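Where does this protein leave open space at its surface, and which residues border that space? The report below takes up these points in turn.

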Amino acid sequence: MVQAISTSSCCNILFSKSHRSTSPHSLHRFNHYSPSFAHRISTGVQRKAVELPLPETVTQQVQNKEQRKTQFALENLTSWLLKQELAGNIDAELTVVLSSISLACKQIASLLQRSSIINLTGGQGTINVQGEDQKKLDVISNELFCNCLRSSGRTGIIASEEEDVPVAVEETYSGNYIVVFDPIDGSANIDTALTTGSIFGIYGPDEQCLIDLDDNSTLDKAREKCIINVCQPGRNLLVAGYCLYSSSVVFTISLGKGVFAFTLDPTYGEFVLTHENIKIPESGKIYSFNEGNYDLWDNKLKNYLDHLRQPGSNGKPYSGRYIGCLVGEIHRMLLRGGIYGNPKNKNSKNGNLRLLYECAPMSFLIEQASGTAIDGVQRILDIVPEQVHQRTPIFIGSPDEVQKLQKYLA
């Protein structure tokens with residue numbers, strides 16, 4: 001039986017009554033605390049135990065623990081996509097396509113991490129339709145993307161940097177989405193273990209176009225139909241995103257309602273939401289241009305760059321940063337602000353980057369994050385491609401920085 005015994009105003013002691021008799025010596029010891037103490041013990045008077053309130057500090061600790069549970073609860077890409085589906089932002093077919101793309105990115109990330117170990121560095125010995133030497137991982141990554149998209153059963157047409165023409169997917173059961181992508185952006189960085197990435201964009205369902213390479217009589221017409229279906233302006237994009245392969249693997253995506261980034265957690269192999277509703281800073285102090293081409297640019301652009309090199313109001317010029325990977329440039333810009341430029345020059349009248357599967361998806365992301373993307377004259381997302389591998393100049397970044405550039409180019 002439990003008895004509550006009050007000894008003072010500042011403390012409460014709980015005792016259990018013993019079945020053994022209490023000796024006079026023990027009663028004498030208790031008399032030291034209270035005159036009636038021994039009487040209560042010896043007579044067996046029972047006192048009901050009192051439930052004491054928790055100290056405020058303990059209550060606060062419990063609340064903090066619950067708050068930490070909420071704060072560190074992880075949301076992975078799969079659960080996030082399902083929430084978007086329930087909210088009506090995407091349909092079930094598109095969810096499957098995006099899950100397939102994320103799987104391809106995980107596989108590419110794994111290969112990049114082990115590329116030196118399993119002999120995947122160096123060239124493939126082939127040249128793509130752009131006239132560029134292909135890396136081994138260019139070819140493998142393209143195949144991974146294509147296989148994952150085919151296995152989804154929801155992709156109708158695939159257009160890739162590494163494919164000569166758009167490819168119709170015979171395994172399509174529903175959906176018929178058009179997916180454009182660059183499987184490895186910045187592949188020149190692979191052999192030195194520097195930043196690389198993948199870029200993708202998804203357009204709405206369209207009629208499936210099949211190319212029968214064995215039937216030359218229908219090849220030209222079928223190819224033309226595929227090109228017409230694929231060559232859409234960036235403003236028609238339903239989804240755009242990229243995957244950054246660096247010290248972390250970051251999958252960044254926009255469904256047309258903001259920009260969200262998910263970081264791959266290697267402990268359980270899932271992309272976890274780490275950056276919610278990203279907004280690019282309105283201005284920034286970083287510019288990213290390949291200044292090795294400075295002498296090939298027109299004077300207006302040179303004057304702009306000369307201005308950036310001059311000390312500003314804080315006594316410091318802009319900082320020049322160039323990674324050689326569009327994904328890396330855009331990822332830093334989304335978080336830190338600034339401007340990236342890949343302009344036309346005397347040797348490349350149309351710029352170096354491809355409109356359909358590089359510039360359009362990245363411009364879509366930047367605009368969703370409240371940034372700006374232009375070719376020097378017009379909005380990138382308003383340009384209608386005439387060819388799958390069409391190139392374009394691009395200036396993209398914080399709105400204040402792009403606006404300042406436009407004043408110099410006017």
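What follows describes two pockets and one loop residue in a predicted model.

The largest pocket encloses about 620 Å³ of space. Of the 32 residues in its lining, Glu132, Gly186, Gly324, Leu353 and Arg354 are the closest to the centre of the pocket. Two or more lining residues of the largest pocket come from each of strand S4 (133–135), strand S7 (177–185), helix H9 (326–336), strand S15 (339–342) and strand S16 (353–354). Both domain 1 (75–276) and domain 2 (284–407) contribute to the lining of the largest pocket, with at least three residues from each.

The second largest pocket, with a volume of about 340 Å³, has 17 lining residues, and those nearest its centre are Lys344, Asp375, Gly376, Val377 and Pro393. At least two residues of this lining are supplied by helix H8 (299–309), and at least two by strand S18 (391–392).

The make-up of the two linings by residue class is set out here.

| Pocket | Nonpolar | Polar | Charged |
|---|---|---|---|
| Largest pocket | nine residues | 11 residues | 12 residues |
| Second largest pocket | seven residues | four residues | six residues |

Turning from the pockets to the loop residue, Ser247 sits between strand S9 (239–245) and strand S10 (249–254). Ser247 counts as exposed because its relative accessibility is 78%, and the cut-off for that class is over 50%. Ser247 and Thr195 are 52 residues apart along the chain, while their C-alpha atoms are separated by 8.3 Å.

Technical notes. Residues numbered from 1 in each chain as written. Predicted model: local features only at pLDDT ≥ 70, side-chain atom pairs only at ≥ 80, totals over all residues. Heavy atoms only, no water. 1 Å grid on protein atoms, 1.4 Å probe; cavity = no way out; pocket = protein on both sides within 12 Å on 5 of 7 lines; lining within 4 Å. Points joined across faces, edges and corners; volume = space filled by probe spheres on them. Helix = DSSP H or I, 4+ residues; strand = E, 2+ residues; numbered from the N terminus. Nonpolar A, V, L, I, M, F, W, Y, C, P; charged D, E, K, R; others polar. Domains from an automatic or database assignment. Buried < 20%, exposed > 50% of the residue type's maximum accessible area, 1.4 Å probe, protein only.
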